[in-house]
Amino acid sequence: MTGTGEELRESGADMAQHGGRRGWYGKLVGAALGVTLLATGASVWTAQAGAVDGPSPKATASATPGSDVKPVDVTIAHASDKGARGVNITIDDGPDPAWTPQVLDLLREHEVKATFCMVGTQAQAHPDLVKKVVAAGHQLCNHSVSHDTAMDKKSQAYQSQQILDAERMITEASGGVRPMYYRAPGGAFTPYSRKLAASRGMRPLGWNVDTKDFERPGTDAIVATVERELPNGPTLLFHDAGGDRSQTVEALRRILPWLREQGYSSGFPVR
Ligand SMILES: [Zn+2]
């Protein structure tokens with residue numbers, strides 16, 4: 001099972017661009033599998049009541065970004081703060097004026113909270129969308145300035161600029177709400193980048209299920225991947241930018257009610 005998970009990740013849209021990354025992913029997937037397979041309870045979908053109990057972006061907002069930053073763990077998070085029956089919907093590469101509003105509408109309709117991994121320049125270009133994401137109770141995640149999937153091969157100075165500039169761009173666009181996570185583009189983390197992000201209160205964030213929506217495999221294929229691979233772990237990867245995301249939107253329209261029927265709660269990645 002872990003082998004399947006690794007292959008899925010390796011062949012994903014982001015991963016395919018740099019490839020060859022194994023090791024801790026496999027271990028973490030294994031750990032996530034153990035947790036998920038223990039989940040047999042008939043819990044109910046608690047997004048409606050539970051989501052508002054989750055960590056509030058407002059609670060950690062700072063009028064002067066950086067003044068109240070608390071370091072977090074440097075390891076790559078996969079688990080859900082809703083526990084074994086939680087699912088973390090993560091939406092990458094936006095915000096985008098064509099697709100982010102459609103995704104936000106669906107999330108609201110199905111009372112699901114998500115984590116938006118934003119590219120710094122996208123956030124800077126669309127601060128209205130960043131503010132809408134925050135106002136709807138979703139979490140922000142730093143996805144670097146330039147989405148350079150070879151970032152792990154670059155200097156520490158470059159990695160630092162990519163992470164800290166994006167942090168500033170996203171925080172300014174949101175009106176002071178800081179990103180709580182850092183997801184390296186294509187998963188191109190380094191020990192240095194994880195440590196830097198964690199020192200700034202941004203938990204490194206991985207994923208368990210790559211829906212491959214970025215490759216536009218068809219709505220049915222995206223839905224089938226989620227249904228098949230959810231036992232790999234709770235963190236699902238989608239995109240709301242980088243091209244025509246109509247398949248992603250249609251897939252979410254089917255996946256969100258399906259998750260509810262299966263007894264999953266929408267949560268945020270652990271910090
Ligand atoms: Zn990305």
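How do the axes of helix 4 and helix 10 cross, and within what distance do they come? Some notes on that and a few other spots follow.

1. **The overall picture.** Bear in mind that this is a predicted model. The protein has ten helices and eight strands, and 51% of its 271 residues are buried. Take the contacts with a separation of 6 or more: 82% of them are between residues 24 or more positions apart.

2. **Helix 4 against helix 10.** Back to the opening question: the two axes come within 10 Å and cross at roughly 10°. Angles under 35 degrees count as roughly parallel, and helix 4 and helix 10 are therefore roughly parallel to each other. On the helix 4 side, the residues that meet helix 10 are Gln102, Val103 and Leu106. Their partners in helix 10 are Val249, Leu252, Arg253 and Leu256. Sorted by class, that contact has five nonpolar residues, one polar and one charged.

3. **The buried face of helix 4.** Helix 4 covers residues 100-109, and its buried residues are Thr100, Val103, Leu104 and Leu107. Looking down the helix axis, you'll find them within an arc of 100°, so they line one face of the helix. If you want the textbook background, an α-helix has 3.6 residues a turn, so residues three or four places apart point the same way. The cover over the buried residues of helix 4 includes strand 1 (86-92), strand 2 (114-118), helix 6 (127-135) and helix 10 (246-261).

4. **Leaving helix 4.** After helix 4 comes Glu111, placed in the loop between helix 4 and strand 2. Its phi is near 55°, which is a positive value in a residue other than glycine. Glu111 has 17 C-beta neighbours inside 10 Å and so counts as partly exposed.

5. **Helix 7 and helix 8.** Here the packing angle is about 35°, and the axes of helix 7 (residues 156-174) and helix 8 (residues 191-199) are 10 Å apart. The crossing is right-handed. Helix 7 brings Gln156, Gln159, Ser160 and Ile163 to the contact, while helix 8 brings Tyr192, Ser193, Leu196 and Ala197. The class tally for this pair is four nonpolar, four polar and no charged residues.

6. **What is buried in helix 8.** The list is Ser193, Arg194, Leu196 and Ala197. Down the axis of helix 8 they fall within an arc of 165°, so they too line one face of their helix. The elements they pack against are strand 3 (139-142), helix 7, strand 4 (181-182) and strand 5 (203-204). Gly201 follows helix 8 with a positive phi, near 80°.

7. **Tyr181.** This residue is found in strand 4. Tyr181 is buried, with 26 other C-beta atoms within 10 Å. Not counting residues up to four places away in sequence, Tyr181 touches Thr115, Cys141, Asn142, Met202, Arg203, Leu205 and Pro269. Tyr181 and Ala198 are 17 residues apart in sequence, with their C-alpha atoms 8.3 Å apart in space.

8. **A cis peptide at Pro95.** Gly94 and Pro95 are joined by a cis peptide bond, with omega at about 0°. Pro95 lies in the loop between strand 1 and helix 4. Pro95 and Gly94 also turn up among the contacts of Ala241, so to speak of one is to lead into the next point.

9. **Ala241.** You'll find Ala241 in the loop between strand 7 (235-239) and helix 10. Is it buried or exposed? Ala241 has 24 C-beta neighbours inside 10 Å, and 20 or more is the cut-off, so Ala241 counts as buried. Beyond its neighbours within four places in sequence, Ala241 is in contact with Asp93, Gly94, Pro95, Asp96, Trp99 and Gln122. Ala241 and Val119 are 122 residues apart in sequence, yet 9.8 Å apart in space, C-alpha to C-alpha.

10. **Ser144.** Here is another residue to look up on the phi plot: Ser144 has a positive phi of about 75° although it is not a glycine. Ser144 lies in the loop between strand 3 and helix 7. Its 28 C-beta neighbours inside 10 Å make Ser144 count as buried.

Conventions:
Residues are numbered from 1 along each chain as its sequence is written. This is a predicted model: local features need pLDDT of at least 70, side-chain atom pairs count only at pLDDT 80 or more; totals for chains, interfaces and linings use all residues. A residue is buried if 20 or more other C-beta atoms lie within 10 Å of its own, exposed if 12 or fewer, and partly exposed in between; C-beta atoms are placed from the backbone. Helices (H or I, at least four residues) and strands (E, at least two) are DSSP runs, numbered from the N terminus. The arc is that of the directions from the helix axis to the C-beta atoms. Two residues are in contact if their C-beta atoms, placed from the backbone, lie within 7 Å. Axes are lines fitted to C-alpha atoms, for helices over the stretch in contact, and angles run from 0 to 180 degrees between N-to-C directions. A crossing is left-handed if the near helix is turned anticlockwise from the far one by less than a right angle, and right-handed if clockwise. Ala, Val, Leu, Ile, Met, Phe, Trp, Tyr, Cys and Pro count as nonpolar, Asp, Glu, Lys and Arg as charged, and the others, Gly among them, as polar. Angles under 35 degrees count as roughly parallel, over 145 as roughly antiparallel, 65 to 115 as roughly perpendicular and the rest as oblique.
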